[in-house]
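Welcome, and please take a moment to look around before reading on. The report below walks through a few places worth finding in the model.

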Amino acid sequence: MTRQQADALDLLGVAKAAAAAGAAVLAKRSFTGTGGEGLGLENKGEAGDWVTEFDVAAENAVRLAISEARPNDTITGEEHGTTRPEDPSGYRWSIDPLDGTTNFIRNIAYYATSVAVADSDGVWLAGVVHAPALGRVYSAARGHGARVEVGAESAELTGPVAGRKGLILATGFSYDPSTRASQVAGLGELMEGFADVRRLGSAALDLCFVADGTVDAFGERGLNEHDFAAGALIAEEAGCWVRRPKLASPLDGGPATEDRLAAWTCAATLELSGKFPL
């Protein structure tokens, strides 16, 4: 076993524990009310782009689990930005403590804690998407495939069934009005060859649903790294074709808004890879 493979498995264990810590925070949400009562809602600047006390508490839990296991790793997260240790190991974690915040606020079950880790070359080694309301934990370690755990059951992920009829596309829409208008205008062309479309509100889970074959393809513009880091690796390790956007690293300040809004994140069977704009 090479050092990278050994690291990937070790790191996957840390990722699972960290994602479970974040998901445990989310699981404390009271399942009464759909208006966000008692969640400590704040708007992050764009209509519909919300943050709750649960986002922050879940990220705190994830960071604590990682830093206790690997104190010399760098962490970048949606809510708290970048934390660099004095003696960095070269590994970097990308955290989305609550992907699907609007779903969480409205008691829609499609939300998750997403945790992924990359090496010093930016190669993603392990990723976990833990969805407490669905009771599912998706995970992958580079070179070791992808799996989903539902209670005591565990299954290998192998992607969508190639060549099946009634193809379903998953996508999402930006909070930015002009970007959203462009996405809506291009939806008809994007759907050519697909029977239907799903917009579930969590890119991390959309990518996992390609990995487990629930949907046949996913494509969306404007995602942040923490939105896709774990899910893209899970889809990739399930044997899917995956396109990650080429964006500036959070360690370098992250991408310009216009660059992010223009960039596509995609996953599908290889036969569907040509459906998405370059």
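An axis here is a line fitted to C-alpha atoms, for helices over the stretch in contact, and the angle between two axes runs from 0 to 180 degrees between N-to-C directions. Keep in mind throughout that this is a predicted model.

**A pair of helices**

Two packed helices are described by the angle between their axes and the distance between the axes. With that in hand, start at helix 5, residues 203-211, and helix 6, residues 225-237: they pack at an angle of about 5°, and their axes are 8 Å apart. Angles under 35 degrees count as roughly parallel, so helix 5 and helix 6 are roughly parallel to each other.

Which residues make this contact? On the helix 5 side they are Ala203, Ala204, Leu207, Cys208 and Ala211. These meet Asp227, Phe228, Gly231, Ala232, Ile234 and Ala235 of helix 6. By character, the residues of this contact divide into nine nonpolar, one polar and one charged.

Is helix 5 mostly covered or mostly open? It is mostly covered, with nine of its nine residues buried. The buried residues include Leu205, Asp206, Phe209 and Val210, along with Ala203, Ala204, Leu207, Cys208 and Ala211. After helix 5 comes Gly213, which has a positive phi near 85°.

**Before helix 5**

Gly201 sits in the loop between strand 12 (196-198) and helix 5. Leaving aside neighbours within four places in sequence, Gly201 is in contact with Gly100 and Asn103. Gly201 and Ile108 are 93 residues apart in sequence, yet their C-alpha atoms are 9.3 Å apart in space.

Another loop residue to find is Asn107, between helix 3 (101-105) and strand 6 (112-118). Most residues other than glycine have a negative phi, and most peptide bonds are trans. Asn107 is not a glycine, and still has a positive phi of about 65°.

**Four residues and their accessibility**

A residue counts as buried under 20% relative accessible area and as exposed over 50%, with partly exposed in between. The table places four residues on that scale.

| Residue | Relative accessible area | Class |
|---|---|---|
| Leu167 | 13% | buried |
| Arg221 | 19% | buried |
| Arg244 | 22% | partly exposed |
| Gly201 | 27% | partly exposed |

Leu167 belongs to the loop between strand 10 (153-156) and strand 11 (168-170). Setting aside residues up to four places away in sequence, Leu167 touches Gly193, Phe194, Ala195, Asp196, Asp216 and Leu272. From Leu167 to Cys208 is 41 residues in sequence and 16 Å in space, C-alpha to C-alpha.

Arg221 is part of strand 13. With residues up to four places away in sequence not counted, its contacts are Thr179, Ser182, Gln183, Leu261, Ala262, Ala263 and Trp264. Arg221 and Phe173 are 48 residues apart along the chain, and 7.7 Å separates their C-alpha atoms.

Arg244 is found in the loop between strand 14 (241-243) and helix 7 (257-262). Apart from neighbours within four places in sequence, Arg244 is in contact with Trp124, Arg142, Phe228, Ala232, Leu233, Glu236 and Trp264. Two of these names, Phe228 and Ala232, also appear on the helix 6 side of the contact with helix 5. The C-alpha atoms of Arg244 and Phe218 are separated by 12 Å, with their positions 26 residues apart along the chain.

**A pocket to explore**

Rolling a probe the size of a water molecule over the atoms shows where empty space is left. How much space lies in the second largest pocket? The value is about 240 Å³. Of the 17 residues that line this pocket, the closest to its centre are Gly186, Leu187, Leu190, Trp264 and Pro277. Trp264 is also among the contacts of Arg221 and of Arg244.

The elements that give two or more residues to this lining are helix 4 (177-190) and strand 13 (217-221). Helix 4 supplies the largest share, six residues. What is the character of the lining residues? They divide into six nonpolar, six polar and five charged.

Methods
Residues numbered from 1 in each chain as written. Predicted model: local features only at pLDDT ≥ 70, side-chain atom pairs only at ≥ 80, totals over all residues. Heavy atoms only, no water. 1 Å grid on protein atoms, 1.4 Å probe; cavity = no way out; pocket = protein on both sides within 12 Å on 5 of 7 lines; lining within 4 Å. Points joined across faces, edges and corners; volume = space filled by probe spheres on them. Helix = DSSP H or I, 4+ residues; strand = E, 2+ residues; numbered from the N terminus. Nonpolar A, V, L, I, M, F, W, Y, C, P; charged D, E, K, R; others polar. Parallel < 35°, antiparallel > 145°, perpendicular 65-115°, else oblique. Contact = heavy atoms within 4.5 Å. Buried < 20%, exposed > 50% of the residue type's maximum accessible area, 1.4 Å probe, protein only.
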